[in-house]
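Please open the model in your viewer and keep the selection tool at hand, since this tour goes from one selection to the next.

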Amino acid sequence: MFESYKSPWMDEELQIMRDSVTKFLHKEFVPKMEKWEKQGFVDRDAWRIAGDAGLLCASIPEQYGGGGGNFKHEMVLVEELSYANVTGFGNGVHSGIVAHYINSYGTEEQKKKWLPKMASGEIVSAIAMTEPGTGSDLQSVATTAILQADVYVLNGQKTFLTNGMTANLICVVAKTDPKESSKGISLIMVETDSVEGEGGFSRGRNLEKLGLKAQDTAEIFFDDVTVPRENLLGATEGKGFVQLMQQLPQERLIIAAGACAAIEKALKITSEYVKERKAFGKRILDFQNTQFRLAERYTEARLARVFVDDCAMKLAEGKLDEATAAMAKWWTTQKQCEIVDECLQFFGGYGYMMEYPIAKMYADSRIQKIYGGSNEIMKLLIAREI
Ligand SMILES: Cc1cc2nc3c(=O)[nH]c(=O)nc-3n(C[C@H](O)[C@H](O)[C@H](O)COP(=O)(O)OP(=O)(O)OC[C@H]3O[C@@H](n4cnc5c(N)ncnc54)[C@H](O)[C@@H]3O)c2cc1C
């Protein structure tokens with residue numbers, strides 16, 4: 001069913017990349033998923049292997065060690081990770097978000113210092129926006145980074161950091177001017193190898209989650225942590241909020257692309273199952289209820305695909321606006337949760353067993369409606385344009 005539609009942005013080069021990513025994931029990552037899910041994090045050397053295979057920083061210029069591609073290359077990676085059900089590897093944050101903050105706003109020295117190591121997997125990165133007291137309302141972050149002589153002094157607490165336990169480069173959203181609201185926000189790059197062991201920086205627990213079990217998600221604490229003045233992202237303070245707003249459409253589209261691929265995977269494995277499994281002497285697919293429900297869901301999958309493809313092409317041309325990205329994020333993740341739930345139903349009791357991929361997909365899908373800006377916040381962004 002999905003084979004009859006070809007994404008208009010795909011070409012021969014991207015297909016070659018897709019084939020090699022699929023092979024790589026099934027050889028290197030899929031066999032390790034069970035172990036990673038049990039331990040609660042992806043092995044550190046997985047980042048190195050992924051770097052060697054060209055999976056990291058695919059859309060960062062070659063001069064900084066990246067793959068020299070664009071958003072379409074990130075799309076291929078996000079989709080293939082989703083099709084392979086490899087859900088804990090935080091490359092969306094590392095390559096799709098943090099690398100792009102550095103590439104878009106970093107000074108030449110910052111780009112040269114961090115991007116090549118991020119592309120090779122020597123450095124794992126994270127972004128720290130959310131705090132225990134504020135998530136959706138980013139302007140109210142309480143973490144401060146105050147310039148004293150030649151260093152920024154950081155105080156505060158962040159939570160829910162994807163790659164939080166493993167990251168050695170963290171992009172911290174902090175107030176360099178606490179008297180101001182959004183205009184007081186800056187992005188400060190914290191190199192954990194430099195601050196770890198000094199006493200002021202610490203990581204909390206690897207948080208136990210409902211799904212995404214292989215992804216380390218952590219809290220971090222700053223107590224008079226000092227970082228060099230040169231670690232302010234870009235040359236000027238107070239630009240952090242604007243920088244965040246400019247990059248968020250890409251972050252949201254990465255989530256939407258993952259949702260779209262997860263929908264397709266769920267429908268594919270469910271279609272296979274309902275053709276095999278029998279009840280009352282018929283295949284589950286032979287019940288009209290199954291046919292109608294799957295027909296509706298395949299239709300929604302196609303709508304999601306066409307919309308996300310259109311957004312991806314717009315983003316690659318620098319033309320994706322905030323409201324459209326918000327539409328893609330909320331609608332596809334809402335549909336992902338509904339469709340995965342409905343697919344699980346067709347598996348009966350087996351759908352509830354973790355040995356069936358649909359069970360893991362059910363647990364993993366729930367967060368999609370919350371992170372990257374909750375779906376309620378997405379609707380606020382759209383409503384602003386009405
Ligand atoms: C697995 C996981 C990974 C994450 N990764 C990261 C990461 O790497 N970096 C990072 O910084 N954060 C990360 N987050 C945090 C995530 O982005 C936040 O949880 C999310 O933005 C919501 O913030 P909150 O949890 O503080 O909820 P709140 O802001 O407290 O919201 C609670 C509820 O109220 C609703 N709400 C809030 N304001 C409004 C409003 N104005 N109108 C209507 N409804 C509203 C929300 O939609 C939500 O349903 C992650 C979270 C999880 C669980």
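The tour begins with the ligand and then turns to two loop residues. This is a predicted model, in which local features need pLDDT of at least 70 and side-chain atom pairs count only at pLDDT 80 or more, while totals for chains, interfaces and linings use all residues. For your selections, residues are numbered from 1 along each chain as its sequence is written.

Select the ligand, and then the 22 residues around it, a residue being near a molecule if its C-beta atom, placed from the backbone, lies within 6 Å of it. Those that come nearest are Met129, Gly135, Ser136, Ser374 and Glu376. Strand E1 (125-128), strand E3 (151-162) and helix H12 (375-384) each give two or more residues to this shell; helices (H or I, at least four residues) and strands (E, at least two) are DSSP runs, numbered from the N terminus. Colouring by domain shows at least three shell residues from each of domain 2 (126-238) and domain 3 (241-384), with bounds that come from an automatic or database domain assignment.

Next, select Cys57, in the loop between helix H3 (44-52) and helix H4 (71-83). Its phi is near 55°, a positive value in a residue other than glycine. Is Cys57 buried or exposed? Cys57 is buried because 33 other C-beta atoms lie within 10 Å, where buried means 20 or more, exposed 12 or fewer, and partly exposed in between, with C-beta atoms placed from the backbone.

Finally, move to Asn85, in the loop between H4 and helix H5 (91-105). Asn85 is not a glycine, although its phi is positive, at about 60°, and with 18 other C-beta atoms within 10 Å Asn85 is partly exposed.
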